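Please walk me through the interior of this protein in the viewer. I would like to know what to select at each stop and what is there.

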Amino acid sequence: MSDFSASDCAFMARAIQLARHGRFTAHPNPMVGCVLVNDGEIVGEGWHQKAGGAHAEIHALRAAGMRARGATAYVSLEPCAHHGKTPPCADALIEAGISEVVVALEDPFPKVRGNGRAALEAAGIGVRVGLMQTTVEDLLVGYLRRVVRGRPFVRLKLAASLDGRTAMASGQSQWITGPEARSDAQRLRAAAGAVMTGIGTVLADDPSLTVRDATVDTQGRQPVRVVLDSRLRMPRSARMLALPGRTLIYCSDDTVRDELIAAGAEVIKIARKGDVIDVAQVLESLAKQQINELLVEAGPGLAGGLIAEKLVDELVIYQAPHIMGSETTGMFLTPHWTDLGDRQRLDITDVRRVGRDTRITARFSD
């Protein structure tokens, strides 16, 4: 941190704050913010608002105009140096006469990695990297997971009673939590590239898996809907098939699928792992389709299976202040763990009240 001053930290913090504005709209691109500073004054700001649109640096340069010349650019992610849907941001910074660029995190995407920095330095622009890097790594956890490891970041969301129950014996589960918790969960959907469930949940609840909260502005973007359905039991009348956007059905059966395709579904065959679909291969398939963050909303079978296979990165549990009793459904169906050594340890990263309920966020310990 010796290369960075208190003012550097303040300006980068502002860039990161701007980047967060793209939480619901930038997908599948990373959230990026940019601040241009000249003589200690912010002269331009911007963030990446939507895939295919101008990047954060371009918005900031447009806002600054001629005041960009000689300015320092604070960018949360390394400026791109390749032609994608838009021209290289590194070239735009060079042409604008930027004198220095401070970057939080080098972009691991192969077409960018180190090339943006190299282009800037070749043009005589000083580049400093690493300011508030950990904060940006956490912000871009899904993008980094996909680019570096070839899988999306998997977030498992559950609603449960204080005694960890998710449904009555009859299957009744609406509503365990209050309206504030359900609205908060809508924001998790809006931030996800895809929402996944199992065929059991589809047959029981006929969910839409869409963002319906009008207070969440996704600019019309809906997450991809994903259903694990090994034997293709998905009914053609399922609600989600009539909705705009993509519905992916992953199966392991050779059953005729023409009817589902005609209804608008995309059916993808995946190999089995034992008696169930190999979900690791599903995750790899989703990553190839540029899904950064996957939200799982599922019953105890799929939830427990994902945890047993160590495929869940984060748990979000909305816990309601009531007790549902023993003759009810639990959160997870797992293998028969008999020893304390079998348990999976968690690090609680956040606990907060949401209405009358409590939201617990936890990540699995290494």
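**Stop 1: the largest cavity**

Select R23, N29, M31, N292 and E293: of the 15 residues that line the largest cavity, these lie nearest its centre. The model is a predicted one. The space in this cavity comes to about 120 Å³. Next, colour helix α6, residues 141-149, which supplies 3 residues, the largest share of the lining of the largest cavity. Colouring that lining by class gives 8 nonpolar, 5 polar and 2 charged residues.

**Stop 2: the second largest cavity**

The structure has 2 cavities of 30 Å³ or more. For the second largest, select E78, P79, V103, E106, G116, R117, L120, V127 and V129, which line it. Its volume is about 50 Å³. Two elements, α4 (115-122) and β5 (126-129), each supply at least two residues of this lining; the largest share, 3 residues, comes from α4. By class, the lining of the second largest cavity divides into 5 nonpolar, 1 polar and 3 charged residues.

**Stop 3: the nonpolar cores**

In soluble globular proteins, nonpolar side chains tend to be buried together. Show M12, L36, L61, I98, V101 and L140, which touch the most other members of the largest nonpolar core, a set of 49 residues. Elements giving two or more residues to this core are α1 (6-19), β1 (33-38), α2 (56-64), β3 (72-77), α3 (89-95), β4 (100-105), α5 (133-139) and α6. The most comes from α1, with 6 residues.

Centre on L36 and display its contacts. Leaving out residues up to four places away in sequence, L36 touches E41, I42, V43, G44, A60, L61, A64, A68, T72, A73 and I98. Then move to L158, Y250, I291 and L306, which are among the members of a second, separate core of 32 residues.

**Stop 4: the aromatic pair**

Which rings should be selected here? The structure holds 1 aromatic pair, and its rings belong to F11 and Y74. The ring centres are 5.3 Å apart and the planes are at 45°, so the pair is tilted. Its partners come from distant parts of the chain, with F11 in helix α1 and Y74 in strand β3, 63 residues apart.

Finally, switch on a surface and look at each partner. Are F11 and Y74 buried or exposed? F11 has a relative accessible area of 14% and is buried. Y74 also counts as buried, at 4% relative accessibility. The cut-off for buried is under 20% relative accessible area.

Note on methods: Residues are numbered from 1 along each chain as its sequence is written. This is a predicted model: local features need pLDDT of at least 70, side-chain atom pairs count only at pLDDT 80 or more; totals for chains, interfaces and linings use all residues. Side-chain values use heavy atoms; hydrogens and water are left out. On a 1 Å grid over the protein atoms alone, a cavity is a set of points where a 1.4 Å probe fits but cannot get out, and a pocket is an open set with protein on both sides within 12 Å along at least five of seven lines; lining residues have an atom within 4 Å of a point. Grid points are joined across faces, edges and corners, and a volume is the space filled by probe spheres set on the points. Helices (H or I, at least four residues) and strands (E, at least two) are DSSP runs, numbered from the N terminus. Ala, Val, Leu, Ile, Met, Phe, Trp, Tyr, Cys and Pro count as nonpolar, Asp, Glu, Lys and Arg as charged, and the others, Gly among them, as polar. A nonpolar core is a set of buried Ala, Val, Leu, Ile, Met, Phe, Trp, Tyr and Cys residues joined through side-chain atoms within 4.5 Å. Buried means under 20% relative accessible area, exposed over 50%, partly exposed in between (1.4 Å probe, protein chains only). Contact means heavy atoms within 4.5 Å. Rings of Phe, Tyr and Trp (its six-membered ring) pair if their centres lie within 6.5 Å; planes under 30 degrees apart count as stacked, over 60 as edge-to-face and the rest as tilted.
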